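The following note is offered to a colleague who is beginning to read protein structures. Please keep the sequence and the three-dimensional view at hand while working through the numbered points.

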Amino acid sequence: MTQESVGVGPTQPLGEAPAPSPRRERKAALLVAPEGLIARHRGSGVMARTAVPAFRTTYGFISHNFPAIIMIGILASVLGVLAQGGPTLMGNQMRNALVLGAIYALIAIGYTMVYGIIELINFAHGDVFTLSGFYAFLIADHFGINKLAASSGFGLLVALVVIFAVSMLLAGITGVLIERVAYRRLRDAPRLAPLITAIGVSFLIEGFMLAFFGPDNVTTHQASWINGNAFTLGAVAVRWTDLFVLGMALVLMFALGAFVTRTRLGKAMRSTAQDRQAALICGININRTIATTFFIGSALAAAGAIIYSINYGSLKWNLGFHVGIIAFTAAVLGGIGNIVGAGIGGFLIGMIYVFGGSLAGGAWSESLIFAILVLILTFRPVGLFGVDVASRS
Amino acid sequence: MNRLLRAFFRPTQKITATGVYTILVIAAAAMVLLGWFLPWFVGPFSEGVGFSPQDAISTAPTGIGTILLYVTGVCMLIVLLSPFVEFTLRARHRALDVRWDMVRAAASVVGLVLTVVVWILVRWINEEPLFGALPNGITTDSAVWLEMYGFGLAAITYGLKRLVLERPNVMFVVGVLPFGVLLPLMFHQAPAFVLWATQSLAIYMLLGLGLNVVVGFAGLLDLGYAAFFAIGGYACASLASPIHGVHISLWMLIFIGAAIAATFGAILGAPTLRLRGDYLAIVTLGFGEIIPDLATNNVFGLTGGPNGISGIDKPVVGSVNFGFNPQWFYWSLLFFSVVVVIMLLNMQRARIGRAWVALREDEVAAAATGINTTTTKLLAFAIGASVSGLAGAFYGAIVSIVSPDDFQFAVSIAVLSIIVLGGIGNISGVILGAFVLTFVIFWALPNLQEWSATLGHTFNVPAISGIDFTRYTFILYGAALIIMMLFRPAGLLPSRARKVELESGIESESLAAVQGRA
C-alpha cells in the first residue's frame, strides 16, 4: 500500500527488498522514471485516502441539500422560539421578521440586478439606501409633509405618494450618477478596479452623511405617520404600519417583475445581462439599459429606506454598511442575479436574523448572518435557486 | 548575506527610475519648506518644534545675520522651485541642462552649510546682535533638523542624479531610510509626532506590506484584513496582560501572533478557494466583521468584551523600558519592516512570487502550468495575515489596550487605500502610500482641526473654529480610492507589470469579445 502511494510500486523489479524509508523510495524512483510521471502523494497516504473522499462526500451532501438544510434550520429556530417564549413571542417575531425581510428584499433586489447586468458587487448600494432615507427625511421636514401626513387620511395618502415618488426619483438619479461617474469608465477594466471604486463610492457617501448629519442616530418623524393596530391575533398586535410595509414591498416587487418580464426595456435588461456584446449587436443601447438598472435598483432601495424609517423612526450615517451586507447575503442566498431569488432570500434572511438572534442573543445576529454568508459561499455559491455563476468567467 | 544584499539592490528590480527620482525631489522640497516654516505649520497646536530660519528672519536680523539668512532663503527657493521648473519642462518633452543640476546641487550644499552655521550661531553662541531678539530658552531644533535633512537629500538627489536614475532602489534606501531612523531623534521634543510615527505610520506600513501580498501579489481582494490585525492584537493582549495572568515577552509574542494570524489566514482561505474575486471580497468582509463581533461578545471569556483588554505589558530590554521610550517601539517596528520588506522582495522573485503573479493573471492557465493553486492561494493568505499578526502584537504593546473598536471595517479600508494610493503590488509604493495616507488621516486632519479652531478664535470666525476635520476621514478614503482607480489605477508608484495589466482594458476587452465571454 505504502509503495503504491509513493508511486514506485509498478516500477520496482519484483523481489527486490522494499526501501526502508519513504525518502529513499523516492530517490529510487527518481532513478527509473522522470519526476513528472510519478504520482506524488504528500503526507500519509492512508489518511489522504480515507479522509479526502469522506470530506468530499460530506461536502457534496451539504452542497446538494443546502436549501433543505437552510429551511430545516429556519424551521428549527422558529420552533425553538416557540418553545422558548410561546406563541406570543413567536407571532411577534414572525411579524418582525416579515417586516425586516421586506426591507432586505427591496435592497437585495438592487444588488442582484446590478450584479446580474454588469457583474459588479455594488458596495455603495447600502449607502444609497441610507442616503435616500435621508432624502426622505429632509423632504418630509422641510416641505411640510409631516404636517400634511398628520392632518387627515387623505393628507397621509398624498404625503406618502409625494415622499415615495420624490425620494425614489432622487435616489434613482443618485444611482445613475454613481454609475456614470464611477463605474462606466471601468466597465471593461480588470475586476479589482470597479470593486475598489465601489468601496470608494460607499465610503464617500458615508463620509458625506457623517459630515452633514453627524455621528449619532437621526430621528426621523415618519414613525408617527401611520398609527394604531390593524388587528390582533391572540396576543400578537399587527399594526397598520406592518401591513403597509409588507403591502408596499410586495406591490413594488410585483411591479418590478412585470416591468422586467413584460416591457421592452425589461427585455433589453435581460438580454444585456445575458450577453452584453450580443445585446449591443442587436441594437440595444447598453449604456441606457445599465443606467436604467441602476435607477430601478436605487429607487427600490429608497422605498426600502422610507419603509425603514416609517417602521423604526431613526437613521444613522453608517446604517447602510450593515444593512447592505445583510441584504447582499439575501441576494447571495437567493442566487445572485436572480430577482425572484433576491426577494425570497430577503424574507428568509429576515427570518434568520430575527429568530436566530432571538435564540442566540441579539448581539450575535449579525455574526450569524455573516456566518451564513460564508456557509452559502462555501457550500453553494449559486444560492438556493441561482444559475451557476461561480463558474462563469 | 552578500547574495541577499545583491538581490535586494539588483537594478533589474527597479521601480520606474523617474518615479524614485520624483519622490526624492518632492520629498526634499517638502522637507526644506516644512523646516523653514514648521513653526507656522504646527506652531499653534504642537509643542517642541522650536527654532526655524523663519523665526530668525522674523526677528529682524542685522548685518551678517541678514546676509546668511537671505542666502539660505535663496537656496531654499532654488530647491523649492526647481521641481516645478523641471516637471514643467518634462511635460513639454524637454530636459533640464546638466549644468542646472550642478547649480541645484551646489545651492543645496550651500543651504545645508548655512543652515548649520545659523543654527550653531543661534542655538549655541546665541549671537544677539546678529539675529535680533530671539526668545530665550530655545531648546528644540526639529525644524532645523528637517531643514538640514531636506538640503542634504536635495544635494544627493541632484548631485548624484545619474546614480539615482540607474540604481533607484539603492538611492531610495539611502535617501529615505536615514529619515526613518532619525525621525524620533529629529522630533524628540514632539512626542505626539513620535507617537504618530509609531502608532500610525509604522503599524500601517506593516499592514500595507501584508495586504499587498494578498491583493497586490496574488490578486485576491481581502476586505477583512483588520481581522488578522485584531487576532495579532488580541493574542498579544491576552498573553501579556493581567487578564489571564500570563506574561510572555513581546519578542516571543510577535511570532506567536504572526503564527496564529497565519493559521487563521489559511483557515479563512480554505473555504474561499473556489470563489471568484468579488465573492472572495465579500467573504473576507464578513470574516472581518465576525472577528470584532466575537471580541465584543467576549467569546469563551477570552477577549474582555466591548471594553477590550487593558494593561498590556511593555517590553523592557536592558535598562530601556519601551513604555517610557516609545521611540524604541518605533525603531523595532522599523527593523521588522525592513526585515519584512527584504523577505517580501525575495519572495516576490522566488518561485512562490511568480506563482502568485501567474495566479493573479489567469488562474486556469496557472493551474495548467502545474502551479498548485490551493497551496499558492493559502500561502498568500497565510503570509499576508502573519505580517498583520506581527503588526497587531506590536499595536497591542504600544497602545497597551485593545478593544473591538480598534479593528473596524475602516481599518481594512485604510490599509486598502494605502496600497491603492501607493501602487498595488509595489513595495516602495506601499511605503509611500502609508506615509502619505497616515500623515493626512492621523496627523494632518486632527491637527488641522485644532489649528482651524485657533484661527477661528484669533479672527473671531466661529464657523472655522467649529469644523470637525476628522469627520472628513471617510470622504478622504472614498475620494482617494475612486480618484486613484479612475485616473491612475496603478498608483502613485506603479509596479510595471501591474500597470500594464490595469491599463490594458481595451485589449483585454477585445480579447474577451473574441472569446465570446464578455
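1. Chain A as a whole. Chain A contains 15 helices and 4 strands. The model is a predicted one, and the values below should be read with that in mind. Of the 393 residues in chain A, 51% are buried. The surface that chain A exposes amounts to about 17900 Å², and carbon and sulfur atoms supply 67% of it.

2. Contacts across the sequence. Among the contacts in chain A with a separation of 6 or more, 76% are accounted for by residues 24 or more positions apart. Met71(A) offers an example for inspection. This residue lies in helix H4 of chain A, which covers residues 66–118. Once its neighbours within four places in sequence are left aside, Met71(A) is in contact with Leu348(A) and Leu384(A). Met71(A) and Leu348(A) are 277 residues apart in sequence, yet their C-alpha atoms are 8.7 Å apart in space. Met71(A) counts as partly exposed because its relative accessibility is 38%, which falls between the limits of 20% for buried and 50% for exposed.

3. An aromatic pair within chain A. Over all chains, a search of the whole structure finds 30 aromatic pairs. One of them is formed by Phe137(A) and Phe213(A), with 6.5 Å from centre to centre and 70° between the planes, an edge-to-face arrangement. The pair links distant parts of the chain: Phe137(A) belongs to helix H5 (residues 125–142) and Phe213(A) to helix H8 (residues 192–213), with the two positions 76 residues apart. Are the two partners buried or partly exposed? Phe137(A) has a relative accessibility of 11% and therefore counts as buried. Phe213(A), with a relative accessible area of 23%, is partly exposed.

4. An aromatic pair between chains. The ring centres of Trp317(A) and Phe474(B) are 5.0 Å apart and their planes meet at 85°, so this pair is edge-to-face; the angle is over the 60 degrees required for that class. The pair crosses between chains: Trp317(A) sits in the loop between strand E4 (314–315) and helix H13 (319–333) of chain A, while Phe474(B) sits in helix H20 (residues 473–487) of chain B. Trp317(A) and Phe474(B) are both buried. They also belong to a cluster linked by ring pairs, whose members are Phe203(A), Trp317(A), Phe321(A), Phe409(B), Phe474(B) and Tyr477(B).

5. The interface. How many residues does the contact take from each chain? Chain A gives 52 residues and chain B gives 46 residues. Between them, chain A and chain B bury about 4600 Å², of which 72% is on carbon and sulfur atoms. On the chain A side, Leu192(A), Ile196(A) and Phe203(A) lose the most area to chain B, and together they make up 15% of what that side buries. Phe203(A) is also a member of the ring cluster described in point 4. The count of salt bridges between chain A and chain B is 0.

6. A nonpolar patch on chain B. Leu177(B), Val181(B), Leu182(B), Leu185(B) and Val338(B) make a nonpolar surface patch of about 340 Å². Helix H8 of chain B (residues 168–186) gives the most to this patch, with 4 residues. Val181(B) lies in helix H8 of chain B. With a relative accessible area of 36%, Val181(B) is partly exposed, and this value is over the 30% needed for a residue to be part of a patch.

How values were computed. Residues are numbered from 1 along each chain as its sequence is written. Chains are lettered from A and ligands numbered from 1 in the order in which they are written. This is a predicted model: local features need pLDDT of at least 70, side-chain atom pairs count only at pLDDT 80 or more; totals for chains, interfaces and linings use all residues. Side-chain values use heavy atoms; hydrogens and water are left out. Buried means under 20% relative accessible area, exposed over 50%, partly exposed in between (1.4 Å probe, protein chains only). Contact means heavy atoms within 4.5 Å. Rings of Phe, Tyr and Trp (its six-membered ring) pair if their centres lie within 6.5 Å; planes under 30 degrees apart count as stacked, over 60 as edge-to-face and the rest as tilted. Patches are made of residues with over 30% relative accessible area and no salt bridge: like charges are joined within 9 Å, nonpolar side chains (Val, Leu, Ile, Met, Phe, Trp, Tyr) within 5 Å. Accessible areas come from the Shrake-Rupley method with a 1.4 Å probe; for residues, only the protein chains shown count as cover. A salt bridge is a side-chain nitrogen of Lys or Arg within 4 Å of a carboxyl oxygen of Asp or Glu. Buried area is the accessible area (1.4 Å probe) that two parts lose on being put together, summed over both.
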